[in-house]
Amino acid sequence: GVQTCALPIFQRIVRDLQVLGDTCTIACGKEGIRFSVSGAIGNGNILIRGNDEEKEQDRVTITMEEPVELNFALRYLNFFIKATPLSSTVIISMSPDVPVVVEYPIEDYGHIKFYLAPKIEED
């Protein structure tokens, strides 16, 4: 099941969470998309719900087929957000056990897509 999320505030979420730790858990469920991190100085989590705001830059669209929860290295997500000025929208696509796709559609030109494999926790 592919979860897609058009998320204009992705850049702010990544910046805020990387202060706390180095691994971000992204969980897509019925209530929305939850970004969480736990680190030495504390825990943070941000829940984003879908909305249908009139202004495109404030609109959050979540399409979910089944719940999914994956862990990612924030330092790589931090590289991706450097593309934020190019697009008003970020599309995040997640499926279990495959890389997340972070896509920045660029009007009239195409898009930039970044792929990041989930972190596998060592037992």
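Start by selecting strands E3 (residues 32–39) and E4 (residues 42–48): they run antiparallel and are joined by seven bridges. Strands here are DSSP runs of type E with at least two residues, helices are runs of H or I with at least four, and both are numbered from the N terminus. Two strands count as paired if DSSP finds at least two bridges between them. The model is predicted, so local features need pLDDT of at least 70 and side-chain atom pairs count only at pLDDT 80 or more, while totals for chains, interfaces and linings use all residues. Residues are numbered from 1 along each chain as its sequence is written, and side-chain values use heavy atoms, with hydrogens and water left out.

**The whole chain**

Colour by secondary structure. The chain has two helices and nine strands, in the sequence pattern β-α-β-β-β-β-β-α-β-β-β. Of its 123 residues, 39% count as buried, where buried means under 20% relative accessible area, exposed over 50%, and partly exposed in between (1.4 Å probe, protein chains only). Of the contacts with a separation of 6 or more, 56% are between residues 24 or more positions apart; a contact means heavy atoms within 4.5 Å.

**The four-stranded sheet**

Go back to E3 and E4 and select Val-37, which stands opposite Gly-44 in E4. Now add E2 and E6. The four strands make an open sheet in the order E4-E3-E2-E6, with antiparallel pairing. E4 and E6 (68–73) are the edges; each has a single partner strand, so one side of each is left without a neighbour in the sheet. From one strand to the next, the twist averages 15 degrees.

Add helix H1, which packs on this sheet and touches E2, E3 and E4. The direction of H1 makes about 20 degrees with that of E3; axes are lines fitted to C-alpha atoms, for helices over the stretch in contact, and angles run from 0 to 180 degrees between N-to-C directions.

**Helix H1 and the core**

Which residues of H1 (residues 10–18) are buried? Select Phe-10, Ile-13, Val-14 and Leu-17. They cover an arc of only 95 degrees around the axis, which puts them on the same side of H1; the arc is that of the directions from the helix axis to the C-beta atoms. An α-helix has 3.6 residues a turn, so residues three or four places apart point the same way. The buried residues of H1 pack against E2, E3, E4, H2, E7 and E8.

Next, show the side chains of Phe-10, Phe-35, Phe-72, Leu-77 and Met-94. Of the 27 residues in the largest nonpolar core, these touch the most other members. A nonpolar core is a set of buried Ala, Val, Leu, Ile, Met, Phe, Trp, Tyr and Cys residues joined through side-chain atoms within 4.5 Å. H1 gives the largest share of this core, four residues.

Centre on Phe-35, in strand E3. Phe-35 counts as buried at 2% relative accessibility. Its C-alpha atom is 9.9 Å from that of Phe-10, and the two residues are 25 apart along the chain.

**Strands E7, E8 and E9**

Select E7 (91–94) and E8 (100–106). They pair in the antiparallel sense over three bridges, with Ser-93 partnered by Val-101 in E8. These strands form a hairpin with five residues between them, and Asp-97 in the turn has a positive phi of about 65 degrees.

Six of the seven residues of E8 are buried, so E8 is largely enclosed by the rest of the structure. Add E9: seven bridges join E8 to E9, and the two run antiparallel. Among the bridge partners, Glu-103 is matched with Lys-113 in E9, and Val-100 with Leu-116 in E9.

Is Asp-108, in the loop between E8 and E9, buried or exposed? Asp-108 is exposed, with a relative accessible area of 81%. Asp-108 has a positive phi of about 70 degrees although it is not a glycine. Most residues other than glycine have a negative phi.

**The aromatic cluster**

Finish with Phe-80, Tyr-104 and Phe-114, which form one aromatic cluster. The whole structure holds four aromatic pairs. Phe-80 and Phe-114 make a stacked pair, 4.6 Å centre to centre with 15 degrees between the planes. The pair links distant parts of the chain: Phe-80 is in helix H2 (residues 74–80) and Phe-114 is in strand E9 (residues 110–116), 34 residues apart. Rings of Phe, Tyr and Trp (its six-membered ring) pair if their centres lie within 6.5 Å; planes under 30 degrees apart count as stacked, over 60 as edge-to-face and the rest as tilted. Phe-80 is buried at 8% relative accessible area, whereas Phe-114 is partly exposed at 21%.
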